[in-house]
Amino acid sequence: MSAKDYQFASRAVFYEPEEHSQSISYPIYMSANFQYAGDIYDQIVAGARKEVNIYSRCGNPTEYKFEEHIAQLTGGTGCLATASGMAAISHALFGILKAGDHIVADLTTYSSTHEFFDHRAQDFGLKVSLVDCTDVRAVENAFTAETKVLYVEAIANPTMKVPPLRKLVEIAHARGIVVICDNTFASPAVCRPHEFGVDVVVESATKFIGGHNDAVGGVITLKSDILPADWLEDVRWNTLNKLGAPLSPFNAWLLLRGAQTLSLRLEKQCANALALAKHLEAHPRVKRVFYPGLPSHPNYAAASEQLQGGGAMLSFQVADEASGARLLKRLKLCSFAASLGGLRTTTQVPATMAFLDIPSQEREAMGVVDGLVRFSVGIEHIDDIIADVDQAIALMHVDL
Ligand SMILES: Cc1ncc(COP(=O)(O)O)c(C=O)c1O
């Protein structure tokens with residue numbers, strides 16, 4: 001039995017110890033540079049790259065160990081770690097696309113991703129169509145002869161929309177189009193998009209993979225019949241090495257440590273999120289709850305097929321944006337903060353935080369309406385989370 005045959009929870013914990021020292025906690029190789037000892041120079045001249053250590057922008061042993069671990073967890077054939085989730089997204093796109101190529105992307109993606117598709121991609125000669133990717137027919141109609149990439153999120157912020165991955169892969173692959181999925185809101189414990197045929201999975205490791213709000217990083221994993229088997233190594237040498245956003249060895253170590261509790265954390269976080277979602281759905285001052293684990297969610301069928309547990313992210317709508325912000329300022333246990341995916345419950349109001357730079361009409365078309373409150377549910381005791389949320393809701397109409 002090899003490590004890849006173990007259940008997810010065991011794969012999350014287990015990795016082989018370091019070869020030289022047998023250290024169970026993999027060492028941090030805190031070095032920018034490596035000496036060309038023995039025949040290393042000759043090996044590099046002959047074409048060796050990852051087999052030898054050259055310079056930490058090109059790769060580092062701690063980063064390689066983290067990549068190996070994530071590939072095992074996600075079911076990818078390989079992994080490339082980057083300095084942030086946005087670096088994973090941009091490097092995956094620049095590793096595939098050339099000027100003139102066309103992308104079909106979901107209308108609702110993380111704000112920086114959306115802004116890249118909506119404004120910045122055009123500066124590089126890329127063409128983009130933004131469509132609702134829960135509508136398979138609309139996606140099919142948006143494909144052109146130049147379409148090279150279909151881009152979606154496994155759970156899309158902030159309405160927690162879940163696109164039907166298998167169907168999207170089928171229509172994209174029939175045209176040789178690569179499917180990229182951002183798995184940040186789900187994490188590999190909740191969704192493994194490669195199992196549904198997705199070619200490239202990108203994820204902000206800053207969030208659930210790391211899980212402790214202490215390190216920024218990103219990962220790209222591959223499992224594809226369309227892209228070449230060595231595509232990730234090509235991205236490492238010809239894109240990441242040139243654009244220059246490697247993961248630091250210290251962050252690789254922190255993220256590797258965090259990933260070992262991913263299964264355990266998400267089990268608790270998903271259970272807490274479901275309980276909070278049910279509580280909020282019955283709350284008289286909450287207009288609507290968006291959680292993929294609730295039968296009322298518009299994509300409940302896709303979520304039931306693709307997600308293990310409904311995830312740890314939910315959002316709900318209150319009267320208006322000011323009430324949402326006041327509610328969050330009243331929280332005592334839960335933290336009002338930008339990011340997500342850590343042990344602690346963190347919350348934000350997407351319309352005036354993550355999506356602030358996006359014009360209001362565009363925002364509303366994405367489902368980012370005023371008064372929407374987003375929760376990344378942590379591992380605290382559920383009774384304490386609910387009590388904190390209830391006392392804050394009770395005071396959300398009162399100025400501090
Ligand atoms: C869905 C999603 N993708 C990507 C990112 C970017 O990740 P990072 O902040 O690590 O660059 C975020 C950040 O919040 C996100 O929510």
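How many bridges join strand 11 to strand 12, and do these strands run parallel or antiparallel? 3 bridges link strand 11 (residues 346-348) with strand 12 (residues 372-376), and the two run antiparallel.

The model is predicted: local features need pLDDT of at least 70, side-chain atom pairs count only at pLDDT 80 or more, and totals for chains, interfaces and linings use all residues. Residues are numbered from 1 along each chain as its sequence is written.

**View 1. The open sheet of 5 strands.** Strands (DSSP runs of E, at least two residues) and helices (H or I, at least four) are numbered from the N terminus. The strand order is 8-9-12-11-10, with mixed pairing; two strands pair if DSSP finds at least two bridges between them. Strand 8 (288-290) and strand 10 (335-336) are the edge strands, each pairing on one side only.

**View 2. Strand 12 and the helices on the sheet.** Gln348 stands opposite Arg374 in strand 12. Helix 10 (residues 262-281) packs on the sheet and touches strand 8, strand 9 (313-317) and strand 12; contact requires C-beta atoms, placed from the backbone, within 7 Å. The direction of helix 10 makes about 10° with that of strand 9. Helix 12 (residues 321-330) also packs on the sheet, touching strand 10, strand 11 and strand 12, and its direction makes about 35° with that of strand 12. Axes are lines fitted to C-alpha atoms, for helices over the stretch in contact, and angles run from 0 to 180 degrees between N-to-C directions.

**View 3. Helix 4 (residues 85-94), mostly covered.** Of its 10 residues, 8 are buried (20 or more other C-beta atoms, placed from the backbone, within 10 Å of the residue's own). Among them are Gly85, Ile89, His91 and Leu93.

Technical notes
A residue is buried if 20 or more other C-beta atoms lie within 10 Å of its own, exposed if 12 or fewer, and partly exposed in between; C-beta atoms are placed from the backbone. Two residues are in contact if their C-beta atoms, placed from the backbone, lie within 7 Å.
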